[in-house]
Amino acid sequence: MKHIKGIIFDLDGTLVTSSLNFAAIRDEIGCPEHEDVLAFLRSLPEEQQQEAMDVIHRHELLDAHTSDWMPSARAFIERCAAEKIAMAIVTRNSLFPTRIKVERNAIPIQHIVTRETSRPKPDPAALLNIADHFNLPTDAMLMVGDYKYDLQAGRNAGMPTCLINFARLPDYAHLADYAFEHFGLLHQAMFQH
């Protein structure tokens, strides 16, 4: 992993905890169980989109105010900063709750992309734009996340992918080039010679 010069992180469940209840969100907006919430939102008639967006936003705000660092994530971020590894966050969440999470946890990452500024993962556009911004080839960037959309986005962008923070390997683990149960293990893999 020594070739990694930049890292793109998912936010929820990756860097910080998440209490988002997707079953409750789906129930409130009428989204079928196995459908992506944001794709469902875009499929709604325009007048219903705002109502559904308000529900999602309410849930995201409640979640933002209770978020905390995931175990060992802060130490990993601090080491990346010390090693001058470029870092960014790409989240499917909206900007305001994302800012709350970043400020609440004092996350020292400046480059943040939310669903208002780019198509949501698994679309690779945000990841490709970040690689361009940092002037790095995609194979020198690592996409780190806890869900399939993170890993799919990384693959779609031609980046190595890393699954993080799991108790049991999920059924989408095959999308990851690397898999670590927590940041302490990723830290060892990247920085212990």
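**Close-up views of a predicted model**

**View 1. The lining of the largest pocket mixes ten nonpolar, six polar and 13 charged residues.** Keep in mind as you look around that this is a predicted model. The pocket has a volume of about 700 Å³, and 29 residues line it. If you want a place to centre your view, Leu20, Phe22, Arg92, Tyr147 and Tyr149 lie nearest the centre of this pocket. Two or more lining residues come from each of the elements α1 (22-29), α2 (37-43), α3 (46-64) and α7 (148-156).

**View 2. Six strands line up in an open, parallel sheet.** Reading across, the order is β3-β2-β1-β4-β5-β6. At the edges you will find β3 (111-113) and β6 (178-180), each of which pairs on one side only. From one strand to the next, the twist averages 20 degrees.

**View 3. Zooming in, β1 and β2 run parallel as a pair.** Four bridges join residues 6-9 of β1 to residues 86-90 of β2. One contact to pick out is that of Ile8, whose bridge partner in β2 is Ala88. As background, strands of a sheet pair through backbone hydrogen bonds, either parallel or antiparallel.

**View 4. Cys80 and Cys162 stay unbonded to each other.** The structure holds zero disulfides. For Cys80, the nearest cysteine sulfur is that of Cys162, 11 Å away. A disulfide needs the two sulfur atoms within 2.5 Å, so the 11 Å between Cys162 and Cys80 is too far for a bond. Cys80 counts as buried because its relative accessibility is 0%, and Cys162 is likewise buried, at 0%.

How values were computed. Residues numbered from 1 in each chain as written. Predicted model: local features only at pLDDT ≥ 70, side-chain atom pairs only at ≥ 80, totals over all residues. Heavy atoms only, no water. Buried < 20%, exposed > 50% of the residue type's maximum accessible area, 1.4 Å probe, protein only. 1 Å grid on protein atoms, 1.4 Å probe; cavity = no way out; pocket = protein on both sides within 12 Å on 5 of 7 lines; lining within 4 Å. Points joined across faces, edges and corners; volume = space filled by probe spheres on them. Nonpolar A, V, L, I, M, F, W, Y, C, P; charged D, E, K, R; others polar. Pairing = 2+ DSSP bridges. Axes fitted to C-alpha atoms, helices over the stretch in contact; angles between N-to-C directions.
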